[in-house]
Amino acid sequence: MLEVKQVSLHYGAAIALRKVSIQAKQGEVTCILGRNGVGKTSMLRAITGAHPISGGEIVWNGENISRLPLYDRARRGIAWVPQGRDVFPLLTVRENLETGFAVLPRGKRTFPDDMYDLFPILKTMQRRRGGDLSGGQQQQLAIARALVTRPKLLVLDEPTEGIQPSIIKDIGRVIDLLRSRGEMAIVLVEQYFDFARDLAQTIAVMDRGDIVLYGRREDLDEDDVRRRLSV
Ligand SMILES: Nc1ncnc2c1ncn2[C@@H]1O[C@H](COP(=O)(O)OP(=O)(O)OP(=O)(O)O)[C@@H](O)[C@H]1O
Ligand SMILES: [Mg+2]
């Protein structure tokens, strides 16, 4: 289980997270919702170690990982699908996937057996350059690359941003399948409530660096959530 406890994060003098707390459990999707610029990506940077926190604690399966660098967190099973995907445009699809091997011991550098079942398009396109893929295909590639590292915690930053509806559905199905296997905790950042509601067991709504609503999906008032997202 992931526990974010009273975490603050600054960029220079500017504060992006104000003592925020959330938990993410194995076998569940925890969704972080919020409008532009409220601190969603900053929350994921705090969790993955992409940016240092200035207060509080990040605890992963009982261990305080607050000061571990990103690659040590990756070795402990924390994988990040970044906003904008960060696919390497000049590497082939296969080579992009192989970059996930970096966090695995030498003897374990294989692709997951079901990777191409989850994302058949990546098999078809293995030899194409990352930059030649559509936005939706790049998003699938970014998720698959994260799965290559065999994560126990998968964090996804707006995987539906700028993507056509048919691929959004495919991505939603994959996230739900991964959750249903019960082997990983998933933290999903979204701006669109409809996508989040269908997938999440727990929802946190952020505003200006704070968590303003937090609870089990069935306990949250939908209108309240929508209001926080539209103001
Ligand atoms: N590297 C940075 N340096 C300085 N300020 C930053 C940096 N990254 C983000 N910020 C600021 O921190 C605040 C939170 O940004 P963050 O990227 O976490 O928001 P977000 O909710 O992910 O937004 P979006 O929906 O646009 O992705 C914003 O005011 C943003 O301008
Ligand atoms: Mg963001």
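Which residue in β8 does Val29 stand opposite? Select Val29 and look across to β8: the residue facing Val29 is Ile186.

Before going on, a word on what is on your screen: this is a predicted model, where local features need pLDDT of at least 70, side-chain atom pairs count only at pLDDT 80 or more, and totals for chains, interfaces and linings use all residues. Residues are numbered from 1 along each chain as its sequence is written, chains are lettered from A and ligands numbered from 1 in the order in which they are written, and side-chain values use heavy atoms, with hydrogens and water left out.

**Stop one: strand β3**

Select residues 29–33, which make up β3; 5 of its 5 residues are buried. Buried means under 20% relative accessible area, exposed over 50%, and partly exposed in between (1.4 Å probe, protein chains only). Strands (E, at least two residues) and helices (H or I, at least four) are DSSP runs, numbered from the N terminus. Turn on the side chains: Val29, Cys31 and Leu33 point one way, while Thr30 and Ile32 point the other. That fits a general habit: in a regular strand the side chains alternate between the two faces of the sheet.

**Stop two: the neighbours**

Add β8 (residues 185–190), which pairs with β3 in the parallel sense over 5 bridges. Two strands count as paired if DSSP finds at least two bridges between them. Here Ile32 stands opposite Val189. Now add β9 (residues 202–207), parallel to β3 over 4 bridges, with Thr30 opposite Thr202.

**Stop three: the whole sheet**

Show all 6 strands of this open sheet, in the order β6-β7-β8-β3-β9-β10, with mixed pairing. β6 and β10 (210–216) stand at the edges with a single partner strand each, so one side of each has no neighbour in the sheet.

**Stop four: two helices**

Next, pick α7 (residues 165–180), which lies across β3, β7 and β8 and runs at about 155 degrees to β8. Contact means heavy atoms within 4.5 Å; axes are lines fitted to C-alpha atoms, for helices over the stretch in contact, and angles run from 0 to 180 degrees between N-to-C directions.

**Stop five: the magnesium ion**

Finally, zoom in on ligand 2, the magnesium ion, whose protein donors are Thr41 (OG1) and Gln83 (OE1), 1.9 to 2.3 Å from it. Thr41 lies in α1 (residues 40–48) and Gln83 in the loop between β6 (78–81) and α3 (93–98), so the pair ties together parts 42 residues apart in sequence. Donors are N, O and S atoms within 2.8 Å of the metal (3.2 Å for Na, K and Ca); water is not among the atoms, so sites may look incomplete. Thr41 is buried, at 16% relative accessible area, whereas Gln83 is partly exposed, at 30%.
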